[in-house]
Amino acid sequence: MSLHYKDTLHFIKKLTIRRVWNVFKVYISFQLTKISKDPIQWGTPISISIEPTTACNLRCPECPSGLRSFTRPTGKLKKDFFRHTLDQIYHELIYLIFYFQGEPFLNPDFLEMVKYASEKGIYTITSTNAHFLDDNTAKKTIESGLDRMIISIDGTTQEVYESYRKEGSLEKVIEGTKNMVKWKKELNSATPHLVFQFLVVKPNEHQIDDVYALAKEIGVDEVKLKSAQIYDYKNGNELIPTLSQYSRYQPLKDGTYRIKNKLLNHCWKLWHSCVITWNGVLVPCCFDKDATHKLGDLKEASFIEVWNSSKANSFRKEIKKGRDQIDICKNCTEGCKVWLN
């Protein structure tokens, strides 16, 4: 049995009739919206991203956390607020992604929150730079019930790795990954499914084959190549890959670049998912990194009230009018091959 197949079976076991029915409602309402005058929203999110913290130890050049460029407050998710919120939505929720901005393991209550969600039968995911996976933390991570761990490894040599992961240590990433592999074996655990995420940019595109070899050597379950979102892309950027299949942007005859995505006036992401910031603000999606489009505050209203609020519905209407008129949508690559394999 392949590791991918095992992960799929593990996910299927978490499905319930209530969750499947919710998927059906969300999908049908999205399809009806594409042909209707006004947006139709049935059901609740299938997937939610929640932000453990905005803090990060690295300084990656295309990341607001790394650049310390947020205008919104920085801080850490409180476990009491997390539990209160999850208790409202877990019956229909399938995926819970413990990541938005920042490094999740910098929140001391992170694994406690993962365990709480896992006990609710939710498929839990996180994304980490793996600098804090010492032996003890790796063991506790396995014991938390985390289902999937995405480990950012954007180079197979220190020189290439740190060209994007500024102030990062490839040695720590490899050591932390080995700790995870070791404790999965020690505890005879099938989870978390370990994924090496390789963000393909020009400085590292020559190491794609190498990252597959490294993953196999260590015992990582899967490698995912991810295309990079770049903010200042119009006149070219040193991070845009030379291999077009790994880029979200395509060159034009005049030397400028445009997004490959056609920006159709509908968005599946807005219907089936959303993001909750560390301080309880609900925002439309992961492209709203600075939380400029606040749909509501979960400290002041229930999740259902915010999800069905006039603000949320107004944003859905704006999507139908024209995504090219919304700031966070202008550099949206929804529909492009974000995951390349």
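Three short exercises on a predicted model follow, each with a worked solution.

Residues count from 1 along each chain as its sequence is written, and side-chain values use heavy atoms, without hydrogens or water. In this predicted model, local features need pLDDT of at least 70 and side-chain atom pairs pLDDT 80 or more, while totals for chains, interfaces and linings use all residues.

**Exercise 1.** State how many disulfides the structure holds, then place cysteine 286.

*Solution.* A disulfide is a pair of cysteine sulfur atoms within 2.5 Å. The structure holds 0 of them. For cysteine 286, the nearest cysteine sulfur belongs to cysteine 285, 5.3 Å away. Next, accessibility: buried means under 20% relative accessible area, exposed over 50%, partly exposed in between (1.4 Å probe, protein chains only). At 31%, cysteine 286 is partly exposed.

**Exercise 2.** Classify the ring pair of phenylalanine 11 and tyrosine 95.

*Solution.* Rings of Phe, Tyr and Trp (its six-membered ring) pair if their centres lie within 6.5 Å; planes under 30 degrees apart are stacked, over 60 edge-to-face, the rest tilted. Here the centres are 5.1 Å apart and the planes 20 degrees, a stacked pair. Phenylalanine 11 is buried at 18% relative accessibility. Tyrosine 95 is partly exposed at 27%.

**Exercise 3.** Find which ring the charged end of arginine 72 sits over.

*Solution.* The test needs NZ of Lys or CZ of Arg within 6 Å of the ring centre and within 35 degrees of the ring normal. The ring is that of phenylalanine 70, with the charged end of arginine 72 at 4.5 Å from its centre. Lysine 289 likewise lies over phenylalanine 287, 5.4 Å from the ring centre.
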